[in-house]
Amino acid sequence: MAFVVISMVILFIKIKKSNLKHIPGPDVANFLLGHIPLVDFEATHRNLADWSRKYGPVYKLRLLHKHVVVVSGQEALHELLVKKGVQAGGRPDIFRVKYVTENSGVIANVIPDAKWKALRKISQRHLKQFGDGISRLEQLIVSVGDDMLEQFRGTEGVLCDPKQTVLATVMKSISFLLSGQRATDDDPLLNTCKRMEDQVRYLTFNHPVMLIYDCFPWLRFLRLKSWQPIEDLVVTRDKLWKMLKQIATDRPENESLAKLMLSKVSSDDVDSPGDSLREIDANVICLNLTFAGTSTTTCTFYALINLLAHNPNVQEKIYQETCRVLPDGSLVTLQNKPTMPYTSATILEALRYISTVPLGVPHRSIADVEISGFLIPNDTLIFSNLWAIHHDPIVWGDPERFRPERFLDDDGHLVPADHIYRKNLMPFGAGTRVCVGESLAMARLFIWMARLIQTFVIAPAEGNDRIITFCENYIPNGAVLESKPYHVYFSERT
Ligand code: HEM
């Protein structure tokens, strides 16, 4: 009882007077909890999108003692992420995240400082190899993708949930990026990456229990069950780094991110003068890329397979396009992408429809910043509601329909980058903190989807062939939206 009273008193003290009075928002539901009782944690993105229709592109909420500004709408988001991306380019000071990342890495460091810049540059440079037109890594994407096709081939005639196969495929490409070597299915490195991915989900889960640890960090000393996964994650983080270091030492011929990071740690050769990298920086970068590169692409590709199963007409159009581009039946490569607008449009539509990272990664203002005429003071937590722009009926007309054609013009070409639809599509965020792995993600989705459709017809389970909707089918799991489990048939084309 005393503990509850003390906690309430501390929370009461922490609830600062809001300096966001001029920003609209729903009435506070509860003095201590703020808006928490009003938030549907099963569908936060839709909840926040409904409020943006009522309160406009910039509105405020309070979650316990933290004030949050929610930004939606293309113009407001462009202003926030691109035009004022530096002032709005901090990340929130969340205790549990800082504890695990030691405020290093690319994703979570609180201020985009010289160290962040150097780490982002190293990651980007290494990841670029995986993007458009780079043959060594395209080979890898192709070869792990072909393993996936082989596994689906083995399910012929039997209903199959492709989740674990998709996860393993994505994980193999990330572990290659980190270690420079191909993992087998039972590889300890792959298992450690998988464990870490699960544990990071828990870290990013904005459940009230986690918010309480952020508010009262000392609660961790009580060693409650709810804190243990955070400690486990730190152990896994160090274990993965140790394995990667060992591989880099034993196999110096492997080009890998771990090898590159180790060379930067020992050589002082970073692009931030006088600010050399520590081992923890290298360790956390591996943690960042494992998580950011795995859950996002896995959830997108897993949801995409189900969408294809429910849209046989889309499968047929992709297949016809592959036949036109590759009449000899050879399998699609990235080189074919410019001549495959329908397949590219399907990927864009999937990224819009699924909106795998519905609220982006939270930002924090590091200076006063004006968005859509509203002054957002320094040190304010900001959510970018990407789901809301991707599902705005005023922009899309029928956002609830999965319709790749919307990204094509009358001649069947992809609409240009300044088209209203392309401007309203921000699955990777935009500006200063735009996703580092965008081109890798796009390359993987394109090759894997095109080859999947060249090889199989995908069909839903009997009695489950009605159109699925984004409202019923996707649930938040940490920062990402996940498709509910499903089963499909993969039938090889003859
Ligand atoms: C479909 C796949 C993906 C989606 C939808 C996605 C989406 C996003 C989004 C919305 C952000 C936040 C941008 C912001 O703060 O405004 C982000 C950040 C980030 N993503 Fe991705 N991502 C994907 C794949 C990847 C991959 C494959 C990697 C790396 C292997 C990656 C690495 C990162 C990193 C490191 C950041 C943090 C950037 C920073 O804070 O400077 N992502 N991503």
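Trainee: Which residues, of the 27 around the ligand, come nearest?

Mentor: This is a predicted model, and in it Ala292, Gly293, Gly429, Cys435 and Gly437 come nearest to the ligand among the 27 residues around it. Two or more residues of that shell are given by each of the elements α5 (114-128), α12 (279-309) and α18 (438-455).

Trainee: Which element gives the largest share of the shell, and how do the residues of the shell divide by kind?

Mentor: The largest share, seven residues, comes from α12. By kind, the shell around the ligand has 15 nonpolar, 10 polar and two charged residues, with Gly counted among the polar ones.

Trainee: What makes Asp281 buried or exposed?

Mentor: Asp281 has 25 other C-beta atoms within 10 Å, and the cut-off for buried is 20 or more, so Asp281 counts as buried. Its place is in helix α12, and, leaving out residues up to four places away in sequence, Asp281 touches Ser104, Lys115 and Leu119. The C-alpha atoms of Asp281 and Ser104 are separated by 5.6 Å, although the two residues are 177 residues apart along the chain.

Trainee: How do you know whether Asn103 is buried, exposed or partly exposed?

Mentor: There are 18 C-beta neighbours inside 10 Å of Asn103; a buried residue would need 20 or more and an exposed one 12 or fewer, so Asn103 falls in between and counts as partly exposed. Asn103 sits in the loop between α4 (95-101) and α5, and its phi is near 55 degrees, a positive value in a residue other than glycine.

Trainee: What places Ser355 among the buried or the exposed residues?

Mentor: Ser355 has 27 other C-beta atoms within 10 Å, which against the cut-off of 20 or more means that Ser355 is buried. Ser355 is found in the loop between α14 and β3 (363-364), and its phi is also positive in a residue other than glycine, with a value near 45 degrees.

Trainee: Why are α13 and α14 called parallel, perpendicular or oblique to each other?

Mentor: In general, two packed helices are described by the angle between their axes and the distance between the axes. The axes of α13 (residues 312-325) and α14 (residues 341-354) come within 8 Å and cross at roughly 140 degrees. Roughly perpendicular covers 65 to 115 degrees, and roughly antiparallel begins over 145, so α13 and α14 are oblique to each other. Their contact is made by Val314, Lys317, Ile318 and Glu321 of α13 and by Tyr342, Thr343 and Thr346 of α14; these residues divide into three nonpolar, two polar and two charged.

Trainee: What makes α12 parallel or perpendicular to α14?

Mentor: Helices α12 and α14 pack at an angle of about 105 degrees, with their axes 10 Å apart. The range for roughly perpendicular is 65 to 115 degrees, and that makes α12 roughly perpendicular to α14. On the α12 side the contact is made by Thr300, Ala303, Leu304 and Leu307, and on the α14 side by Ala350, Leu351, Tyr353 and Ile354. The residues of this contact divide into seven nonpolar, one polar and no charged.

Trainee: How do you know that His45 is buried, and where does it lie?

Mentor: His45 lies in helix α2 (residues 44-55), and it has 23 other C-beta atoms within 10 Å, where 20 or more suffice, so His45 is buried. Residues up to four places away in sequence aside, His45 touches Pro358, Leu359 and Trp387. His45 and Val357 are 312 residues apart in sequence, yet 9.6 Å apart in space, C-alpha to C-alpha.

Trainee: Which residues have the most contacts inside the largest nonpolar core?

Mentor: That core has 128 residues, and those with the most contacts inside it are Val69, Val71, Leu244, Cys286 and Met449. Helix α12 gives the most to this core, with 17 residues. Val69, for its part, touches Leu20, Ile23, Val58, Lys60, Ile376, Thr380 and Ile382, not counting residues up to four places away in sequence.

Trainee: What share of the protein counts as buried?

Mentor: Of its 494 residues, 45% count as buried. The protein has 19 helices and 10 strands, and one of the helices, α3 (residues 74-83), has Ala76, Leu77, Glu79, Leu80 and Leu81 as its buried residues.

Methods: Residues numbered from 1 in each chain as written. Predicted model: local features only at pLDDT ≥ 70, side-chain atom pairs only at ≥ 80, totals over all residues. Near = placed C-beta within 6 Å. Helix = DSSP H or I, 4+ residues; strand = E, 2+ residues; numbered from the N terminus. Axes fitted to C-alpha atoms, helices over the stretch in contact; angles between N-to-C directions. Parallel < 35°, antiparallel > 145°, perpendicular 65-115°, else oblique. Contact = placed C-beta atoms within 7 Å. Core = buried A, V, L, I, M, F, W, Y, C linked by C-beta atoms within 7 Å.
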